[in-house]
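Subject: Structure for you to look at

Hello,

I am passing on a structure that you have not worked with before. Please open it first, then read the notes below it.

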Amino acid sequence: MATTSPTETEFGEVSRIKGIVFKYISFAASIVGILALGVLLAYVFWDALGLESAGTGWYLAYTGTLLVPLLAFFAYARTRPAVVAGTFELFSMTLAGVLLTGAGVIILSIIASPGVWFAYFLTVVGPIVGLYVYGQYDREATWVGLAMLGVVLLGPVVGTLGLGPLTAVGALLGSPGIYFLSLVVPAAAVAAYLSAERLDFSRRRSLGIGVGLPVLAIAAVPLVDTVPAISRSVWLIGLVLLGLPAGFAVANTARTRERWPAFAFPAIVALGFLAGEAVVTAIGATPPTPWLDWQYVTSGPSQTAAEAGLYPAIIGSIFLIVLVSVFTFVFGVGAAIYLEEYAPGSGPLAAITRIIKVNISNLAGVPSVVYGLLGLGIFVNIESQLGPFTYAGFGVGTVLTAAMTLSLLILPIVIISAQEAIRSVPDSLRQASYGMGATRWQTIRNVVLPRSLPGILTGTILALGRAIGETAPLIMVGAATTKFSPPSGLFGKLTAMPMQIFAWAFEPSDEFRYGVVAAGVVTLLIVMLTMNSVAILVRNKYQQEANQ
């Protein structure tokens, strides 16, 4: 008869006890971490929104008109996955459209002149979109990817050289004409494509939607002219950047009967705010006095806390994150593809490849201030030594200098994460592609990249989240701590949100150190979380397609 030895019994009991202890310690640590983060965020939002100044009547009014109906809706939707999915899609796509509209109005109407946008649309954006659409139509065209890469590299050069005549042509069209041709017309084609391919509408209905968008853009102009706060250019930008994602979410939710209750969410929010405002006005309750308001995001720094704003820093951060995203994604993913798919695995060159990979791994742990010194030495000092012979446009505290420095900071992280994602694709899929006669580039484009893209985007999201909050590299390259106007272009001086928040934190006034700084932190969090949310949605889309 087999018996369990004391040693085995004791070992099993000890292991089980250790496992239980480890389980509950991990659970307790997670709860403590979540609670600590929640308390910190609640404290920051409390100060930024000025909730301490609101009266009891205000809280009671909005609790009854907004909070209670929302809780009831969430309780109803909790056991209905289709309603939850529809609600999330309506909320996320509308929020993304609002933020895209704000960024588009700022970039297209305030920072870049319509003529400049028209020039680069013709030489960069338009050709890339056209090539992408053609690549979706003709899957056998292997040259599309290389052509898009060529447009990315050569398009800005051509646009810069032809900026004068192209800007003159744009001036003949006027701002509304430029935005109509460069935004509304392409958006109409995208709307028709999404209606047919994603929503399974008939061809006639899809064409009607595509034609209806430009018709709506023109027909609504007389009504828009009656609203002084909205120009024709802003209307066209908003129609595309807000109307397209929000309209797609509404149409996608409406075509499934199980998702129809999701439309109660926006109705509850809109009616709840209106009813709450009416009740607050009727009873004379004291509303909060938030630091984070429209004046805060549209004005510059000031010596008084009540008039201080973050607008120049917001624009500077948007400039930075857009450029850093482009630089790191192109060079980081390109380097990872070469190291994993093209670099030799044997011979003398393989040893060099291994040395490069080790150095990339080491660079990922270098402190950010060291990258600031590297940017100072490369992009600032070399610029000053070249003097009149320079043409790159680098300099002390410019947008391009700061963007390149932050790109160096997160480039090793992007390369490593992209390598791991590419390495996770099974070799059997590559061999199957080769067995069907595909070339190496066709295999990478059609097999490797679609399956590794979710992992690549995950690493890029984490890296960009680090870059947007960095301060030390910006200080080293001479970015301004406080600036009263946004950057005028890639070669203009800039400040960023972390820099301005850092400066306000040392102001002697409590209103600056608590109210204004808290509003800046909340703004930074909103921008970062929005950017991450959009990237996560894109990642999930590709992940679902890869799993099909």
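The largest nonpolar core of this predicted model has 46 residues. Within this core, L320, L474 and W504 have the most contacts. Two or more residues each come from helix 1 (6-48), helix 13 (311-342), helix 16 (399-423), helix 18 (440-468), helix 20 (497-504) and helix 21. Helix 13 gives the largest share of the core, 11 residues.

Helix 21 (510-547) turns up again in the second largest pocket, where helix 3 (81-111) also supplies at least two residues of the lining. The space in this pocket is about 370 Å³. Its lining is made up of 11 residues, and those nearest the centre of the pocket are L95, V98, L99, F273 and I526. With 6 residues, helix 21 contributes the most to that lining. By type, the lining residues are 9 nonpolar and 2 polar, with no charged ones.

Next, helix 11.

Does the distance between the ends of helix 11 agree or disagree with its number of residues? Helix 11 runs over residues 264-283, which makes 20 residues. At 1.5 Å a residue the expected span is 28 Å, and the end C-alpha atoms lie 27 Å apart, so the two agree.

Which residues of helix 11 are buried? They are F265, I268, G272, G276 and V280. Looking down the axis of helix 11, one finds these buried residues within an arc of 80°, which means that they line one face of the helix. On the face turned away from that buried side are the exposed residues L271, L274, T281 and A282. After helix 11 comes G284, which has a positive phi, near 70°.

The last item is a residue with a positive phi that is not a glycine.

Most residues other than glycine have a negative phi. D200 is not a glycine, yet its phi is positive, at about 60°. Where does D200 lie? D200 is in the loop between helix 6 (163-197) and helix 7 (203-219). Is D200 buried or exposed? Its relative accessible area is 59%, and the cut-off for exposed is over 50%, so D200 counts as exposed.

If you want places to start in the viewer, try L320, L474 and W504 for the core, F273 and I526 among the residues nearest the centre of the pocket, and D200 for the loop between helix 6 and helix 7.

Regards

Note on methods. Residues numbered from 1 in each chain as written. Predicted model: local features only at pLDDT ≥ 70, side-chain atom pairs only at ≥ 80, totals over all residues. Heavy atoms only, no water. Helix = DSSP H or I, 4+ residues; strand = E, 2+ residues; numbered from the N terminus. Buried < 20%, exposed > 50% of the residue type's maximum accessible area, 1.4 Å probe, protein only. Expected span 1.5 Å × (residues − 1). Arc of directions from axis to C-beta. 1 Å grid on protein atoms, 1.4 Å probe; cavity = no way out; pocket = protein on both sides within 12 Å on 5 of 7 lines; lining within 4 Å. Points joined across faces, edges and corners; volume = space filled by probe spheres on them. Nonpolar A, V, L, I, M, F, W, Y, C, P; charged D, E, K, R; others polar. Core = buried A, V, L, I, M, F, W, Y, C linked by side-chain atoms within 4.5 Å.
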